[in-house]
Amino acid sequence: MQISNLDEAGKYDKASEKLNEIKEEVGKVIVGQEEIIENVLISILCDGNVLLESNPGMGKTKMIHTVSEVMGLDFSRIQNTPDLMPSDITGTHIIDESSGETEFIFQRGPIFANMVLADEINRATPKTQSALLEAMQEKQVTVGNQSYELDKPFFVMATQNPIDQEGTYPLPEAQRDRFMMKLELEYPKKDEEQEIVERFTSELNYEPELKEVISKPSVVRLQEFTRQVPIADDIKERAIDIVTSTRDHEDLDYGASPRASMNIVLAAKGRALIKGRNHVSASDINSVAKPVLRHRIGLSFKAEKKGKDEDKVVEEIVHSV
């Protein structure tokens, strides 16, 4: 996809057209979940990582794999377990004698892909989680005393199961903050579930032919273009006010960091691009506030007793700002 040679209006139209074409292709496999797919695309546009939370069997792995295929991205999957070592993710040095001489060479691990699905990330030990943290934040991995750059674009799409906490290592606040968004998948509606059953029980292996809508270089160009989407000062100030309001809210033990303000503004730019607009609106800020903030704030015991959750508090803040 070439957007550099188009006029200003044409650039936004072309980008929006391609992004919505991606959503349509993903819809050939995934039934419903339009908002989740849109937020995954927004995070990709903003070069951000995503934490997906849902009960088992909701199609998280299928969704991420399909998105990577449609966007021409290299995909790898890491199944996190308590015995997983950092070297199982990053790779390790091995002895190579194929040339007739003994030498150590670096064998790359599954982290060397464009889109890495870290299944059940909270089952990995803190030591292994720290290896993922470096990749998420620095876009590199360190093995021994040598660092290796990861290919661009690079994203970690991590999943976790909210109902089975036995044998897990909850993500520390510092690592949760590295995820641009936390997305919560809900059960499908009845008609959507009927469509799912129809699709995946009629054929032995339901694999629709998917078109590669864009390529890796195009994803990088779209990321650059996303940051150029204009945002008015008062809209930017709204995002900052929402975040700063979390820091002294009576229902929260702690609020969000400045990284949350940056991520809300970036995510709003990505949403505006998907919607085909050449500017950010207040509705964009409001729409991305929950997924950007829900994992960055700490609910107080008093609020929990009142039956509130993080989304409810964010909703109250958005309406009051």
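**View 1. L117 and M157 stand opposite each other in this predicted model.** Let's start with one pair of residues: M157 belongs to strand β8, and the residue across from M157 is L117. Now step back to the strands. Strand β5, which covers residues 115-119, pairs with β8 over four bridges, and the pairing is in the parallel sense.

**View 2. Strand β1 runs parallel to β8.** Strand β1 spans residues 49-53, and four bridges join β1 to β8. Which residue of β8 is the bridge partner of L52? Look for T159: T159 is the partner of L52.

**View 3. Strand β8 is mostly covered.** The strand takes in residues 155-160, and six of its six residues are buried. Try following the side chains along the strand. F155, M157 and T159 point one way, while V156, A158 and Q160 point the other way. Are the residues on these two sides buried or exposed? On both sides of β8, they are all buried.

**View 4. K308 sits in a loop between two helices.** Helix α12 (301-305) and helix α13 (310-320) are the elements on either side of this loop. The side chain of K308 makes a polar contact of 2.7 Å with the side chain of D251. A polar contact of 3.1 Å links the side chains of K308 and E316.

**View 5. Here is the wider set of contacts around K308.** If you set aside the neighbours within four places in sequence, K308 is in contact with D251, L299, A303, V313 and E316. Two names in that list should be familiar to you, since D251 and E316 also make the polar contacts with the K308 side chain.

Notes. Residues are numbered from 1 along each chain as its sequence is written. This is a predicted model: local features need pLDDT of at least 70, side-chain atom pairs count only at pLDDT 80 or more; totals for chains, interfaces and linings use all residues. Side-chain values use heavy atoms; hydrogens and water are left out. Buried means under 20% relative accessible area, exposed over 50%, partly exposed in between (1.4 Å probe, protein chains only). Two strands pair if DSSP finds at least two bridges between them. A polar contact is a pair of N or O atoms within 3.5 Å; within protein, one must be able to donate a hydrogen and the other to accept it, and residues adjacent in sequence count only if both atoms are side-chain atoms. Contact means heavy atoms within 4.5 Å.
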